[in-house]
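Dear colleague,

Please find below a structure that I am handing over to you, together with an account of what was found in it. I would ask you to keep it open while you read.

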Amino acid sequence: MGRIAVVTDSNSGITQAEAKELGITVIAMPFYIQGNTFYEDVNLTQEQFYEKLAEGGDISTSMPAVGDVTDLWDKLLKDYDEIVHIPMSSGLSSSCETAFMLSQSYQGRVQVVNNQRISVTQRRSVMDALALAEKGKDALEIKELLEREKFESSIYIMVDTLKYLKKGGRITPTAAALGTLLRIKPVLQIQGEKLDAFAKARTVKQAKSIMIEAMLSDCKNRFGDESGSNLYIDIAYTYDKDAALQFEKEVREVFQDQQCIINPLSLSVSCHIGPGALAVACSHKFAE
């Protein structure tokens with residue numbers, strides 16, 4: 001019997017194929033599109049999602065069904081002693097709080113980690129959990145260590161179009177129209193709990209510069225590591241991988257010797273910001 005099972009959701013950017021290679025379980029996040037239910041990376045690919053988004057379909061996010069989560073846990077606990085469950089940030093979804101409430105019925109065998117991560121930073125937490133399990137840490141110890149690092153990450157996201165922020169009610173139609181007229185490229189940030197406004201740019205080039213400067217500032221002032229040598233610096237994007245690869249080159253010119261992960265942003269975030277977004281993220285390299 002294995003000791004620790006690691007579970008996350010598709011907001012981590014870890015695909016079902018990668019999950020098999022890593023020996024973990026990824027819960028596919030559900031979406032409702034034109035009244036039909038789809039699951040990320042199961043019967044909804046990145047390409048299909050953006051096709052439906054471009055068609056103007058009614059797309060809404062949801063969280064995994066309670067029964068699906070507990071059925072999965074029950075199945076895993078037949079082969080594993082304990083489970084470490086790493087959902088997306090509780091500030092961005094209620095799935096974390098729901099999972100925590102469900103875990104109370106499992107006598108400590110299921111530990112839900114609320115370490116405020118999503119996308120490439122959530123992926124890093126999963127990899128940290130695997131490494132800690134290999135070192136013999138139990139589920140509670142892993143949860144406590146990951147939550148100790150919960151605010152040791154940053155994400156900056158450039159939004160290429162205001163259409164989806166308007167559609168989701170995050171900005172007014174008037175603000176969206178004015179922003180579109182002025183060709184505004186908002187830069188948003190996630191530093192733990194929520195997605196917040198950070199800055200406004202007039203061009204993609206300027207937005208990328210703002211994000212890199214913000215990351216440099218965080219490395220120096222928040223993390224005391226100006227070179228980023230003790231940080232993972234990663235890239236995320238929506239739809240346009242070529243733009244992400246170019247952005248990676250620009251980021252690595254500043255943070256040299258970094259081996260960046262480049263992942264599509266979670267579809268749960270993508271449906272609110274649309275295609276053409278770019279993001280740079282950092283998370284502290286784990287130290288016990």
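The lining of the largest cavity draws its largest share, 4 residues, from helix H4. The model is predicted, so local features need pLDDT of at least 70 and side-chain atom pairs count only at pLDDT 80 or more, while totals for chains, interfaces and linings use all residues. Residues are numbered from 1 along each chain as its sequence is written, and side-chain values use heavy atoms, with hydrogens and water left out.

**The cavities**

How many cavities of 30 Å³ or more does a search of the whole structure find? The search finds 3 (a cavity is a set of points on a 1 Å grid over the protein atoms alone where a 1.4 Å probe fits but cannot get out). The largest has a volume of about 100 Å³ (the space filled by probe spheres set on the points, which are joined across faces, edges and corners). It is lined by 13 residues, and Pro64, Val69, His85, Ser95 and Ala99 are the closest to its centre; a lining residue has an atom within 4 Å of a point. Helix H3 (66-76) and helix H4 (95-103) each supply at least two residues of this lining. Helices (H or I, at least four residues) and strands (E, at least two) are DSSP runs numbered from the N terminus.

**The sheet**

Six strands form an open sheet of mixed pairing, in the order S10-S9-S8-S13-S11-S12; two strands pair if DSSP finds at least two bridges between them. Strand S10 (195-201) and strand S12 (262-264) stand at the edges, and because each has a single partner strand, one side of each is left without a neighbour in the sheet.

Strand S8 (residues 153-158) and strand S9 (residues 185-190) run antiparallel and are joined by 4 bridges. Ile155 has Ile190 as its bridge partner in S9.

Strand S11 takes part in two pairings that are worth following. With S13, S11 pairs in the antiparallel sense over 7 bridges, whereas with S12 the pairing is in the parallel sense over 3 bridges. Tyr237 appears in both pairings: its bridge partner in S13 is Leu278, and its bridge partner in S12 is Pro264. Is S11 mostly covered or mostly uncovered? S11 is mostly covered, with 6 of its 7 residues buried (under 20% relative accessible area with a 1.4 Å probe and protein chains only; exposed is over 50%, and partly exposed lies in between).

**Two residues with positive phi**

Most residues other than glycine have a negative phi. Gln107, which is not a glycine, has a positive phi of about 50 degrees. Gln107 belongs to the loop between H4 and strand S7 (110-112), and at 70% relative accessibility it counts as exposed.

Tyr239 is not a glycine either, and has a positive phi of about 75 degrees. Its place is the loop between S11 and helix H10 (241-254). Tyr239 counts as exposed because its relative accessibility is 56%.

Tyr239 also leads to another part of the chain. Glu47 and Tyr239 are 192 residues apart in sequence, yet their C-alpha atoms are 7.7 Å apart in space. Glu47 lies in helix H2 (residues 46-54), and its relative accessibility of 54% is why it counts as exposed.

Yours sincerely

Note on methods
1 Å grid on protein atoms, 1.4 Å probe; cavity = no way out; pocket = protein on both sides within 12 Å on 5 of 7 lines; lining within 4 Å.
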